[in-house]
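Here is a short briefing on one protein chain. Read it alongside the sequence and the coordinates.

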Amino acid sequence: MNKNGKIYVVGIGPGKKADMTFKAYEAMEKSDIIVGYKTYTDLIEEYFPNTEIKSSSMMKEVDRCIEVLELAKSGKNVALISSGDAGVYGMAGIMYEVIGENDDVEIEVIAGVTATNAAAAIVGAPIMHDYVTISLSNLLTDWELIKKRLELAAQGDFIVSLYNPKSKGRTTQIVEAQEIMLKHKPKDTPVAIVRNAGRETEEHEITTLEKMLDSEINMLTIVLIGNSNTFVKKGKMVTPRGYDKKYEY
Ligand code: SAH
């Protein structure tokens, strides 16, 4: 009989319990231990006062997955958590890379509300048409490749959602990203900047491609850049699905 525990890779949503799926909550509730980066375990620990919680530092993702696998092999059910969706720049892929072909441990990934969806709902309906997400972090991806993706996304008139736009150590990527967008998109293209979506400190601004760098952009920010049809109405950013009609209510 397999005495190993199960691994739940859980997307906890952007922050608050209300934005967490019921399934994510249940998975954490039936786990013996919850493991995650400290910022995320801090967000959920109050809901699971009787569960063991293990926080680890950023940049230790692989070690965290190895540890989770060992815990499961010792018979524990483990919830490995990511913010938003664990399959979007989160822990799900790493967990599948770390597990061995012969390890008799089940992994279940539980979907969460990713930051793009949380941010989009806050500012209106900006991602109603084809959109792409691009991470500006060049820690794991070559910057030349990221620039190529930005270029093609702009050329393709996609709505673009930027993750990891800027950090203390990475300040130039967002400037280059804006330059690339301006090559193909009009300077008055609506842009939404959403910080700390779904958290106590949530803030947002709706601006334009030309002026977007005047807003504060940090590591807890999503930058949503519209397509050629995106407009602002009643203070909200909206991308219509129909190209020919403009509806008035
Ligand atoms: N797995 C996460 C993304 C992790 S990458 C998800 O699905 O949302 C980290 C980046 O996500 C941050 O740099 C930021 O761009 C974005 N992000 C995560 N949570 C956010 C929040 N609450 N508000 C705004 N942006 C957020």
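The notes below cover the domains, the salt bridges, the backbone outliers and one helix residue.

This is a predicted model. The chain is divided into two parts, domain 1 (6-113) and domain 2 (116-238). A search of the whole structure finds eleven salt bridges, but the rule finds zero of them across the interface of domain 1 and domain 2.

**Domains and their interface**

- The C-alpha centres of domain 1 and domain 2 are 28 Å apart.
- In the contact between the domains, eleven residues of domain 1 meet ten residues of domain 2.
- About 800 Å² is buried between domain 1 and domain 2. Carbon and sulfur atoms account for 60% of that area.
- On the domain 1 side, the most area is lost to domain 2 by Pro-14, Lys-16 and Tyr-89. Together they make up 59% of what that side buries.
- The residues of domain 1 that touch domain 2 divide into six nonpolar, three polar and two charged.
- Which polar links cross the interface of domain 1 and domain 2, and how many residue pairs are involved? The rule finds four residue pairs in polar contact, with both residues at pLDDT 80 or more. Salt bridges across this interface number zero.

**Salt bridge Glu-108 to Lys-6**

- Side chains of opposite charge can pair when their charged atoms come close.
- Glu-108 and Lys-6 meet through their side chains in a salt bridge, at 2.7 Å from N to O.
- Glu-108 belongs to strand S5 (residues 107-110), and Lys-6 to the segment before strand S1 (7-11), so this pair ties together parts that are 102 residues apart in sequence.
- Glu-108 has 23% relative accessibility and counts as partly exposed. Lys-6 has a relative accessible area of 16% and is buried. The cut-off for buried is under 20%, so the two partners fall on opposite sides of it.
- Both residues belong to a network of salt bridges that links Lys-6, Lys-23, Glu-106 and Glu-108.

**Salt bridge Lys-147 to Glu-176**

- Lys-147 and Glu-176 form a side-chain salt bridge, with N to O at 3.5 Å.
- This pair links distant parts of the chain. Lys-147 is in helix H6 and Glu-176 is in helix H7 (residues 173-184), 29 residues apart.
- Lys-147 counts as partly exposed at 22% relative accessibility. Glu-176 also counts as partly exposed, at 25%.

**Salt bridge Glu-205 to Arg-195**

- In the salt bridge of Glu-205 with Arg-195, the closest N and O atoms are 2.5 Å apart.
- Strand S10 (residues 203-208) holds Glu-205 and strand S9 (residues 190-195) holds Arg-195, so the pair ties together parts that are ten residues apart in sequence.
- Is each partner buried or partly exposed? Glu-205 counts as partly exposed at 27% relative accessibility. Arg-195 is buried, with a relative accessible area of 4%.

**Positive phi outside glycine**

- Tyr-89 has phi near 50 degrees, a positive value in a residue other than glycine.
- Tyr-89 sits in the loop between strand S4 (78-82) and helix H4 (92-98). Tyr-89 is partly exposed, at a relative accessible area of 45%.
- Tyr-89 is also one of the domain 1 residues that lose the most area to domain 2.
- Asp-157 has phi near 55 degrees, again a positive value in a residue other than glycine.
- The place of Asp-157 is the loop between helix H6 (143-155) and strand S8 (159-163). Asp-157 counts as partly exposed, with 27% relative accessibility.

**Ile-146 in helix H6**

- Ile-146 lies in helix H6 and counts as buried, at 3% relative accessibility.
- What surrounds Ile-146, leaving aside its neighbours within four places in sequence? Its contacts are Ile-134, Ser-135, Leu-136, Ser-137, Asn-138 and Thr-141.
- Leu-136 is ten residues from Ile-146 along the chain. The C-alpha atoms of Leu-136 and Ile-146 are separated by 6.9 Å.

Key
Residues are numbered from 1 along each chain as its sequence is written. This is a predicted model: local features need pLDDT of at least 70, side-chain atom pairs count only at pLDDT 80 or more; totals for chains, interfaces and linings use all residues. Side-chain values use heavy atoms; hydrogens and water are left out. Helices (H or I, at least four residues) and strands (E, at least two) are DSSP runs, numbered from the N terminus. Buried means under 20% relative accessible area, exposed over 50%, partly exposed in between (1.4 Å probe, protein chains only). Domain bounds come from an automatic or database domain assignment. Contact means heavy atoms within 4.5 Å. Buried area is the accessible area (1.4 Å probe) that two parts lose on being put together, summed over both. A salt bridge is a side-chain nitrogen of Lys or Arg within 4 Å of a carboxyl oxygen of Asp or Glu. A polar contact is a pair of N or O atoms within 3.5 Å; within protein, one must be able to donate a hydrogen and the other to accept it, and residues adjacent in sequence count only if both atoms are side-chain atoms. Ala, Val, Leu, Ile, Met, Phe, Trp, Tyr, Cys and Pro count as nonpolar, Asp, Glu, Lys and Arg as charged, and the others, Gly among them, as polar.
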